[in-house]
Protein chains: 4
Amino acid sequence: MNIAAITDQLISAGHLLHRRGWVPASGGNFSARLASDRLLMTSSGCHKGELSAADFMLVDMQGNAAEDTPRRASAESLLHCAIYRMDASAAAVLHTHSVPATVLSRALEAGVILRDYELLKILDGISTHEISVEIPIFDNDQNMTRLSTVIEEAMRQGRGRHGFLIRGHGLYAWGSSVAEARYRVEALEFLFDCEWQSQLGEARQQ
Amino acid sequence: MNIAAITDQLISAGHLLHRRGWVPASGGNFSARLASDRLLMTSSGCHKGELSAADFMLVDMQGNAAEDTPRRASAESLLHCAIYRMDASAAAVLHTHSVPATVLSRALEAGVILRDYELLKILDGISTHEISVEIPIFDNDQNMTRLSTVIEEAMRQGRGRHGFLIRGHGLYAWGSSVAEARYRVEALEFLFDCEWQSQLGEARQQ
Amino acid sequence: MNIAAITDQLISAGHLLHRRGWVPASGGNFSARLASDRLLMTSSGCHKGELSAADFMLVDMQGNAAEDTPRRASAESLLHCAIYRMDASAAAVLHTHSVPATVLSRALEAGVILRDYELLKILDGISTHEISVEIPIFDNDQNMTRLSTVIEEAMRQGRGRHGFLIRGHGLYAWGSSVAEARYRVEALEFLFDCEWQSQLGEARQQ
Amino acid sequence: MNIAAITDQLISAGHLLHRRGWVPASGGNFSARLASDRLLMTSSGCHKGELSAADFMLVDMQGNAAEDTPRRASAESLLHCAIYRMDASAAAVLHTHSVPATVLSRALEAGVILRDYELLKILDGISTHEISVEIPIFDNDQNMTRLSTVIEEAMRQGRGRHGFLIRGHGLYAWGSSVAEARYRVEALEFLFDCEWQSQLGEARQQ
């Protein structure tokens with residue numbers, strides 16, 4: 001697939017995700033892997049619900065601009081790079097900020113445990129609801145080198161295979177195509193919303 | 001009505017239901033009965049908010065593809081078949097995944113009891129709010145043959161006439177046309193939302 | 001203003017109100033007063049988010065069809081007639097079904113008391129937030145003659161001047177134009193949402 | 001940038017903010033500074049989700065119409081003027097009414113304290129989540145001269161630099177462009193929603 005087609009897919013993803021309220025203001029960032037050392041990525045500060053081709057830039061695997069451009073690479077490029085490094089099948093990474101993901105990531109400690117949901121089957125390699133999946137929560141850190149090291153280390157140990165949360169910040173999810181990454185975002189955000197509602201509901205039963 | 005017109009109605013239903021957040025990712029599936037042994041049905045894995053005619057396929061009453069196609073019939077086709085078998089008036093079946101239906105199906109045991117809601121009048125044969133309707137909740141099961149047997153048995157006993165929930169999974173509703181099935185989904189999802197909010201509110205009164 | 005223009009305004013109102021989730025399925029109904037004994041009104045059973053001119057019909061002040069038409073007047077036409085009779089300034093009536101209005105009308109007894117909200121200034125004759133407005137809640141009744149009598153009697157006593165709720169059913173609001181009626185629906189539904197959230201929040205402070 | 005372009009940006013902002021449910025009915029008002037003593041501003045009573053160029057008017061720094069027009073300047077123009085006076089970098093001011101902002105402003109006393117949220121970085125001069133930002137809450141007052149004096153005094157003391165809430169009323173936020181003001185509204189409304197949800201969630205942990 002050529003760059004223009006992938007750009008269009010990321011633009012459409014942005015419109016859909018903004019409509020759902022999951023990429024407020026200039027929050028979030030999206031990328032796709034074009035080659036082993038080249039990412040197409042939303043530049044810093046653009047609005048994900050109003051993306052145009054001009055908002056994208058080429059980034060290398062160190063998170064730096066890989067073209068002569070006035071646009072600035074997002075500091076979080078390093079997290080995208082970490083994911084692509086740790087998961088060879090990842091072709092697109094979507095980072096979103098939703099209210100349920102944000103409040104859940106602040107209310108829980110180490111991770112969100114998802115079990116007995118049919119939608120878990122959207123995740124890679126899962127074919128039944130009778131399973132328990134952990135979406136780890138990493139503490140937020142403005143030092144992206146340090147944060148990406150934490151994430152790589154966790155992924156090396158097998159955590160965060162299906163996505164991860166950064167506390168008070170949002171979700172990172174990915175897939176072997178923009179469409180698959182988007183399906184995972186939709187499924188995980190849905191499940192976070194269910195988990196948050198369930199937490200509110202438990203007040204009643206105590 | 002010809003296949004193209006019914007396909008268009010199912011596509012429109014998908015757009016509307018996705019906009020409401022009730023068919024996240026590739027969740028849900030839709031069908032219409034074309035003849036006593038032929039269903040038009042969304043194939044496995046497609047996104048219900050972005051349906052096109054290419055996402056549909058013909059399925060027989062055993063839930064198998066009834067045409068030469070690269071598309072794969074959804075495993076849940078069997079549940080659609082069970083509904084069409086048990087309700088001769090059913091011409092369209094819509095299966096959705098909403099947050100309120102999901103959390104409610106996990107918080108309650110046997111069923112959701114709906115009473116004193118004006119919107120109950122959208123359901124078949126109901127002309128007053130002064131009635132109590134049970135939407136049964138069946139345990140989720142990846143064995144569709146077994147699950148469809150459970151559902152058929154329950155329907156034979158008169159349960160689930162107005163739709164049913166599968167725990168942690170979602171709603172099945174239907175009608176004598178795509179429009180009627182959609183009205184029932186809209187009404188039931190609305191009522192599940194009311195019931196969930198009421199459960200949250202009861203915390204206050206205890 | 002001619003009938004076509006008023007019809008267009010009611011159609012637009014339907015689209016907006018459905019997008020907000022306030023007229024699920026075929027719930028709700030809308031009308032406008034064309035002359036002292038003629039209403040333009042949505043016919044029974046149509047979907048308010050998908051209105052076209054064909055969904056409207058002329059109704060007299062007894063709630064009966066005032067033209068030769070295959071469409072059926074809504075049973076609730078009588079409530080619209082009661083409002084037009086009791087408020088000479090009413091030119092349009094909008095009836096909606098929202099989740100907050102529905103759960104609030106079931107959780108409270110006689111009425112919703114709204115005070116200290118800036119948006120109260122959208123209501124007729126109110127120019128400050130430092131006021132207490134009651135939106136009465138009437139018990140639902142399938143006998144529309146009886147229900148309209150209850151409402152007329154309450155309005156005669158000065159209750160329900162700014163709109164009223166029917167328990168487990170929804171809101172009636174109106175204005176001197178379709179636009180004004182719509183503003184009042186938007187304001188009241190917003191305030192019901194605030195009241196419901198506040199009720200949920202009070203659990204915390206007890 | 002010319003007036004037509006700024007008008008278009010404010011119209012787009014209105015559509016987006018109404019879609020999110022943050023400017024119900026004729027609530028809210030928007031402005032942009034054209035010159036040291038000239039504001040472009042939405043006139044009183046117009047619907048922010050349906051703005052057209054005809055809804056805008058020129059206002060001077062005393063909040064009065066600065067052109068011969070049948071439109072009426074909003075009483076709240078004075079608050080816009082106060083903001084432009086106190087913050088020389090402000091080029092656009094957006095005032096919104098959301099449910100979370102409204103209920104939060106009624107549930108809390110002096111202000112909303114926001115800390116450890118990544119989205120705080122959308123605010124002016126903030127580059128880390130490890131910070132505590134107060135969005136002050138001022139009591140609502142129909143006397144706009146008095147209220148604007150209260151706000152100016154608070155801003156002179158360094159409060160409300162990132163926006164402020166009026167109790168039971170809504171948010172004022174601004175920026176050096178319409179886009180920046182809008183980003184801040186999106187970020188703050190998102191954070192108010194998070195804070196409200198967290199308050200509901202705390203009921204559970206007590």
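**Exercise 1. Find how many residue pairs are in polar contact across the interface of chain D and chain A, then see what the side of chain D is made of.**

Solution. Let's start at the interface of chain D and chain A in this predicted model.

- Step 1: Counting residues with pLDDT 80 or more on both sides, the rule finds 15 residue pairs in polar contact here.
- Step 2: Now look at where the touching residues of chain D come from. Helix α5 (residues 178-205) of chain D gives the largest share of the side that touches chain A, with 14 residues.
- Step 3: Sort that side of chain D by residue type: nine residues are nonpolar, seven are polar and 10 are charged.

**Exercise 2. Work out how many salt bridges there are between chain D and chain A, and describe one of them.**

Solution. Here a cut-off helps.

- Step 1: A salt bridge needs a side-chain nitrogen of Lys or Arg within 4 Å of a carboxyl oxygen of Asp or Glu.
- Step 2: Take Arg182(D) and Glu50(A): their closest N and O atoms are 2.9 Å apart, and the pair forms a salt bridge.
- Step 3: The count between chain D and chain A is two salt bridges.

**Exercise 3. Describe the size of the contact between chain D and chain A.**

Solution. You can use residues first and area second.

- Step 1: Chain D brings 26 residues to the contact, and chain A brings 31 residues.
- Step 2: About 2,300 Å² is buried between the two chains, and carbon and sulfur atoms give 55% of this area.

**Exercise 4. Find the rotation that superposes chain D on chain A, and say what relation it shows.**

Solution. Follow the copies around.

- Step 1: Chain D is superposed on chain A by a rotation of 90° with 0.0 Å of shift along the axis, at an RMSD of 0.0 Å.
- Step 2: This is the relation of a four-fold axis.
- Step 3: Check the surfaces. Of the contact residues of chain D, 4% recur in chain A, and the copies use different surfaces.
- Step 4: Try another pair: a rotation of 90° with 0.0 Å of shift also superposes chain A on chain B, with an RMSD of 0.0 Å.
- Step 5: Which chains do not touch? Chain A and chain C have no contact, and their closest C-alpha atoms lie 9 Å apart. Chain B and chain D do not touch either, with their nearest C-alpha atoms 9 Å apart.

**Exercise 5. Decide whether helix α2 of chain D is mostly covered or mostly open.**

Solution. Count along the helix.

- Step 1: Helix α2 of chain D spans residues 77-86.
- Step 2: Its buried residues include Leu79(D), His80(D) and Tyr84(D).
- Step 3: Seven of its 10 residues are buried, and the helix is mostly covered.

Technical notes
Residues numbered from 1 in each chain as written. Chains lettered and ligands numbered in written order. Predicted model: local features only at pLDDT ≥ 70, side-chain atom pairs only at ≥ 80, totals over all residues. Heavy atoms only, no water. Least-squares fit on C-alpha atoms with pLDDT ≥ 70 in both. Contact = heavy atoms within 4.5 Å. Buried area = accessible area lost by both parts, 1.4 Å probe. Polar contact = N/O pair within 3.5 Å; in protein donor to acceptor, adjacent residues only side chain to side chain. Helix = DSSP H or I, 4+ residues; strand = E, 2+ residues; numbered from the N terminus. Nonpolar A, V, L, I, M, F, W, Y, C, P; charged D, E, K, R; others polar. Buried < 20%, exposed > 50% of the residue type's maximum accessible area, 1.4 Å probe, protein only.
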